[in-house]
Amino acid sequence: MATYITTEMHTGGEPFRIIEKGYPEIPGDTILDKINYLKREYDHPRKLIMWEPRGHFDMFGAILVPPDHPEADIGVIFINNEGYSPMCGHGVISLGRYMVDKGIVKNLTIPETVVRIQCPCGLVEARVQYDGKKSGAVSFLSVPAFLYAKDVSVDVPEYGKIVVDISFGGGFFALVPASQFNMEIKSSASKIRAAVGTTLEQLRKDCKVEHPDYSDLSYMYAAIITDGKDEYSEKVTANCCVFADRMLDRSPCGSGVTSRIAQQFGRGLIKLGQTRTFESITGATFKAKPVKSVKCGDYDAVIVEVSGNGYYTGTSTFSLEEDDIIGRGFLLS
Ligand SMILES: O=C(O)[C@H]1NCC[C@@H]1O
């Protein structure tokens, strides 16, 4: 009988299930190699842990692995309802706290402790507030993020012509104002899921994206519907991300707000050091700002600092009996 032990957290309402025990050692020299191995040979625990009856359609999780980057404290593989995510900002925010609280980071410093997390998209440095007893808010520095393509037109079944920008924030995101669908950003989750999910699926068919350094990241991961407030302002701007197989992010989406900042920076709408507040469908907020201009291949890119709060919700021990076929995992969308 397989047993999996997890710590359960959430960031802005988005679940983050950290799998501590149950996975065997995963072969592969790099995190991306390990993901390719899991996809090919060992995908069944993901369904068992993410899908019903232990999870649900929108469950999100992480497998902790030894890093191959010399500076990293931990490596992480993000898992979702259809596979493996290239980046997860909400996860890094929760995982930063977890790394401090579990004493996995040896060098605990006050008032903040640095945690280096090797994500599939690259090394991410997180800073965790820590007063000697308790961890708190977390900020992280993204991998190089860049505006990839402007004003890309796509014919979306039932919605017609939709124009998006495509931006890389750890994965490739399409960014689209809600007005393109004649919708309000405060629409119901099901309306957003349908409109943004259909757009994302069409983009995956029509639009090939290429990361300059990593072919494994060269696919459309997600789409974000926004309130269209792309120009810098101190006021809150709202967005909602749909990713993987139409999963709807409850948080403002860490890699999503990274890609929004990269879009705004690429369009000259925000300057280095200017902080914006991003709000999600649950009313949770992340802050984000562009902090440094860099290059990614030939692209003018930017490092983005994102901050937010993650919280513990519990722990779980999951098991599977040998004759339980349904218990291996199923989804109702
Ligand atoms: O915060 C993030 O970056 C993640 N949340 C779910 C989808 C993204 O991977």
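**Helix faces, a two-domain ligand shell and some unusual backbone spots**

The buried residues of α1 pack against four strands, namely β3 (61–65), β4 (74–79), β5 (84–85) and β6 (112–119). All of this comes from a predicted model. The helix itself covers residues 31–41, and I31, K34, I35 and L38 are its buried positions. Looking down the axis of α1, these buried residues stay within an arc of 100 degrees, so they line one face of the helix. The general rule behind such a pattern is simple: an α-helix has 3.6 residues a turn, so residues three or four places apart point the same way. On the other side of α1, R40 and E41 are exposed.

Helix α4 can be read in a similar manner. It runs over residues 189–206, which makes 18 residues. From first C-alpha to last, α4 reaches 25 Å, close to the 26 Å expected at 1.5 Å a residue. Buried in α4 are I192, A195, V196, T199, L200 and L203. Viewed down the axis of α4, the buried residues fall within an arc of 125 degrees, so this set also lines one face of its helix. S190 and K205, on the other side of α4, are exposed. As for what sits over the buried residues of α4, the cover includes β9 (146–156), β10 (160–168), β11 (172–177), β12 (220–226), β13 (237–243) and β14 (247–248).

Next, the domains. The domain assignment splits the protein into domain 1 (2–142 + 312–317) and domain 2 (146–307). Taken over C-alpha atoms, the centres of domain 1 and domain 2 are 23 Å apart. Their contact draws 26 residues from domain 1 and 27 residues from domain 2. On the domain 1 side that touches domain 2, α3 and β8 (135–141) each supply at least two residues. β8 gives the most to that side, with 5 residues. By residue class, the side of domain 1 that touches domain 2 divides into 12 nonpolar, 11 polar and 3 charged.

Where does the ligand lie relative to domain 1 and domain 2? Both domain 1 and domain 2 give residues to the shell around the ligand, so it lies between them. There are 15 residues around the ligand, and C88, G89, H90, G254 and S255 come nearest. Three elements, α3 (89–101), β13 (237–243) and α5 (254–266), each supply at least two residues of this shell. The largest share comes from α5, with 3 residues. In make-up, the shell around the ligand holds 6 nonpolar, 7 polar and 2 charged residues. Helix α3 thus turns up twice, as a supplier to the ligand shell and to the side of domain 1 that touches domain 2.

The backbone has a few spots worth listing. The peptide bond joining E52 and P53 is cis, with omega about 10 degrees. P53 lies in the loop between α2 (44–50) and β3. A cis bond also runs from I110 to P111, where omega is near 5 degrees, and P111 is found in the loop between α3 and β6.

Positive phi shows up at A244 and C253, neither of them a glycine. For A244, phi is about 50 degrees, and the residue lies in the loop between β13 and β14. A244 counts as buried because 20 C-beta neighbours fall inside 10 Å; the cut-off for buried is 20 or more. For C253, phi is about 80 degrees, and its place is the loop between β14 and α5. C253 is buried too, with 30 other C-beta atoms within 10 Å.

Finally, E112. This residue sits in strand β6, one of the strands that the buried residues of α1 pack against. Is E112 buried or exposed? It is buried, since 20 other C-beta atoms lie within 10 Å. With its neighbours within four places in sequence left aside, E112 is in contact with R127, V128, Q129 and Y130. Y219, by contrast, is 107 residues from E112 along the chain, and the C-alpha atoms of the pair are separated by 35 Å.

Technical notes:
Residues are numbered from 1 along each chain as its sequence is written. This is a predicted model: local features need pLDDT of at least 70, side-chain atom pairs count only at pLDDT 80 or more; totals for chains, interfaces and linings use all residues. A residue is near a molecule or strand if its C-beta atom, placed from the backbone, lies within 6 Å of it. Ala, Val, Leu, Ile, Met, Phe, Trp, Tyr, Cys and Pro count as nonpolar, Asp, Glu, Lys and Arg as charged, and the others, Gly among them, as polar. Domain bounds come from an automatic or database domain assignment. Two residues are in contact if their C-beta atoms, placed from the backbone, lie within 7 Å. The expected span of a helix is 1.5 Å times one less than its number of residues. A residue is buried if 20 or more other C-beta atoms lie within 10 Å of its own, exposed if 12 or fewer, and partly exposed in between; C-beta atoms are placed from the backbone. The arc is that of the directions from the helix axis to the C-beta atoms.
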